[in-house]
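The exercises below ask you to read a protein model step by step, with a worked solution after each task. Please look at the sequence and the structure before you begin.

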Amino acid sequence: MTAGLLEVWRDTRQLVLAAQIAAIYAAALIPFKVGIPIIPGFVELRPANAIPVVASLLFGPAAAWGAAFGNLIGDLFGTLGPGSLFGLLGNFLYGYVPYRLWGRLGPLSSGRPPEPSAPRQILEYALICILASLACAGTIGWGLDVMRLLPFQVLAPAIFLNNVLMSSLLGPPLLLFLYPRVARWGLLYADGPHDRKATWAHSPVPAQAQPAPDAPRMLIRDLHFTYRNGAHPALHGLSLSVKAGTLSAVLGGSGAGKSTLCYCLNGLIPHYLPGEFSGTVLIDGRDTRQATVSQHARSVGLLFQDFEAQLVSTNVDRELAFTLGNLCPDLSREAIAARITDTLRLVGLDGHRARDPLSLSGGERQRLAIASVLAPRPPVLVLDDPTTDLDPACRGLLYALLRHLVETGTTVVLTDHETEDAVPAVGLLRETGLPWRAAAYS
Ligand code: ADP
């Protein structure tokens, strides 16, 4: 439970995020120190109190540290005192509770990402605000009471009301604006790469009818998609059926819509990338519109064409541990360690476990990104242009690996350019003797 919190201190990128949250929180707190005091010297009206809740739902544990230290920095501008220690602790909880509880409120959870637009999401958001505010107000109120600075019944209700009011009024518009953007930038904690590793992994997958044994693993019917800013449809009337345990190569020139198709397969479209969507995408009979991206992430692993954006950790080992921690919460520590070893061996990176991904070569980073997608062993693997940075030997290794995966039941879809480069790539696919299909799409 605390692993994610400590991870922030080991992961430079999360640490920078925590520092930024602290800076923004403090910057928004300080002007109001001279604003409207509720209890002078202890608590003032704080519109900034929406920030820890919003940051927590977007960025996870970095928000807990950011809220704690942001509040302390704010205290330096007028309210620093012995009670600041409890201010630090209370604000830590205020940034910690929201991401820990979202999706974990049993029947009261919406099963959807924290964008408070539908009534169930608004209800869940309101409950989260109340619980986080209780934790914060209770801690600070109790601490200052013990130190005989202010009675609990005076301070705790003032903090509680302040927090609930500000997070409920200002949080929803902030989240509605920020959530889709942060998701698009691939910076979400829970539901990440792009929903990178982002996943409210604990939210239940909606019940679905069991597909018949011979039913296609993927079925696309009359798929149209036009990006919000797109002049033309990126996909126009695509229909495709892919059987389980096969390899499909989708070939097309630049701009043909290959990446767009990949985003449709794991639900990034229509959930996060805005535009006009029509048609149906079914994965094992489940409509991608009916489940969240994080739920899809467990059945469809996607390697982005921009694979660098997929790497989030500061060493090779942790990169895979992060993915497995998010997508396979039931795996024991030992099982995770074994899975990391196996997967790194498969991509030939076993000797680089302690390396910072930034110190690896381009090809090694691409192999690491492939390993990270592969580690949770998704039944469907979608690889968007997976060989751009690989030398011929590594391509051979990848195709042999794909062969092994397909033979053991994984369904693989990969895209490639319809250029001269693709010819040997497709030739290699032929050589593997896989039950492969090439669908040229433009
Ligand atoms: P490919 O992967 O085959 O190169 P893409 O799926 O990336 O093609 O792009 C298909 C079309 O959609 C292109 O015309 C591209 O310019 C457009 N497109 C891609 N992403 C966006 C976006 N975020 N906004 C607007 N148009 C986009």
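**Exercise 1. Find which helix gives the most to the shell around the ligand, and describe that shell.**

Solution. Start with the helix: α8, residues 258-265, gives the most to the shell around the ligand, with 3 residues; helices (H or I, at least four residues) and strands (E, at least two) are DSSP runs, numbered from the N terminus. Before going further, note that this is a predicted model, in which local features need pLDDT of at least 70 and side-chain atom pairs count only at pLDDT 80 or more, while totals for chains, interfaces and linings use all residues. Residues are numbered from 1 along each chain as its sequence is written, and side-chain values use heavy atoms, with hydrogens and water left out.

Next, list the shell, taking a residue as near the ligand if one of its heavy atoms lies within 4 Å of it. The residues around the ligand are Y227, G230, A234, G253, S254, G255, A256, G257, K258, S259 and T260.

Then look for polar contacts, meaning pairs of N or O atoms within 3.5 Å, where within protein one must be able to donate a hydrogen and the other to accept it, and residues adjacent in sequence count only if both atoms are side-chain atoms. Polar backbone atoms serve in two cases, that of G257 at 2.9 Å from an oxygen atom of the ligand and that of S259 at 2.8 Å from a ligand oxygen atom. K258 instead places a polar side-chain atom 2.8 Å from an oxygen atom of the ligand. Finally, the ligand on its own has 560 Å² of accessible area, and the protein covers 60% of this; such areas come from the Shrake-Rupley method with a 1.4 Å probe, and for residues only the protein chains shown count as cover.

**Exercise 2. Where does the largest nonpolar core lie, and which residues touch the most other members?**

Solution. Begin with the terms: a nonpolar core is a set of buried Ala, Val, Leu, Ile, Met, Phe, Trp, Tyr and Cys residues joined through side-chain atoms within 4.5 Å. Buried means under 20% relative accessible area, exposed over 50%, and partly exposed in between (1.4 Å probe, protein chains only).

The largest core holds 74 residues, and L223 and V382 touch the most other members. Helix α6 (residues 119-146) gives the most to this core, with 8 residues. Because domain 1 (3-201) and domain 2 (206-441) both give residues to this core, it lies between them; the domain bounds come from an automatic or database domain assignment.

Now take L223 in detail, with contact meaning heavy atoms within 4.5 Å. Leaving aside neighbours within four places in sequence, L223 is in contact with ten residues' worth of partners that include L235, L238, L261, C264 and F277. A second, separate core of 37 residues includes A249, L311, L344 and L414.

**Exercise 3. Decide whether N162, A369 and T341 are buried or exposed, and name what each one touches.**

Solution. N162 lies in helix α7 (residues 152-184) and is buried, with a relative accessible area of 3%. Not counting residues up to four places away in sequence, N162 touches I38, V43, E44, L45, R46 and N49.

A369, found in helix α13 (residues 362-374), counts as buried at 1% relative accessibility. With residues up to four places away left out, A369 touches L303, F307 and L311.

T341 belongs to helix α12 (residues 333-346) and, at 19% relative accessibility, counts as buried. A polar atom of the T341 side chain lies 3.0 Å from the backbone oxygen of A337, and T341 also touches D350 and R353, again not counting residues up to four places away in sequence.

**Exercise 4. Which peptide bond is cis from I269, and what is the phi of R148 and of R377?**

Solution. Recall that most residues other than glycine have a negative phi, and most peptide bonds are trans. The peptide bond from I269 to P270 is cis, with omega near 10°, and P270 is placed in helix α9 (residues 268-271).

R148 has a positive phi of about 55°, sits in the loop between α6 and α7, and counts as exposed at 77% relative accessibility. R377 has a positive phi near 55°, lies in the loop between α13 and β9 (380-384), and is partly exposed, with a relative accessible area of 33%.

Definitions and conventions: Near = heavy atom within 4 Å.
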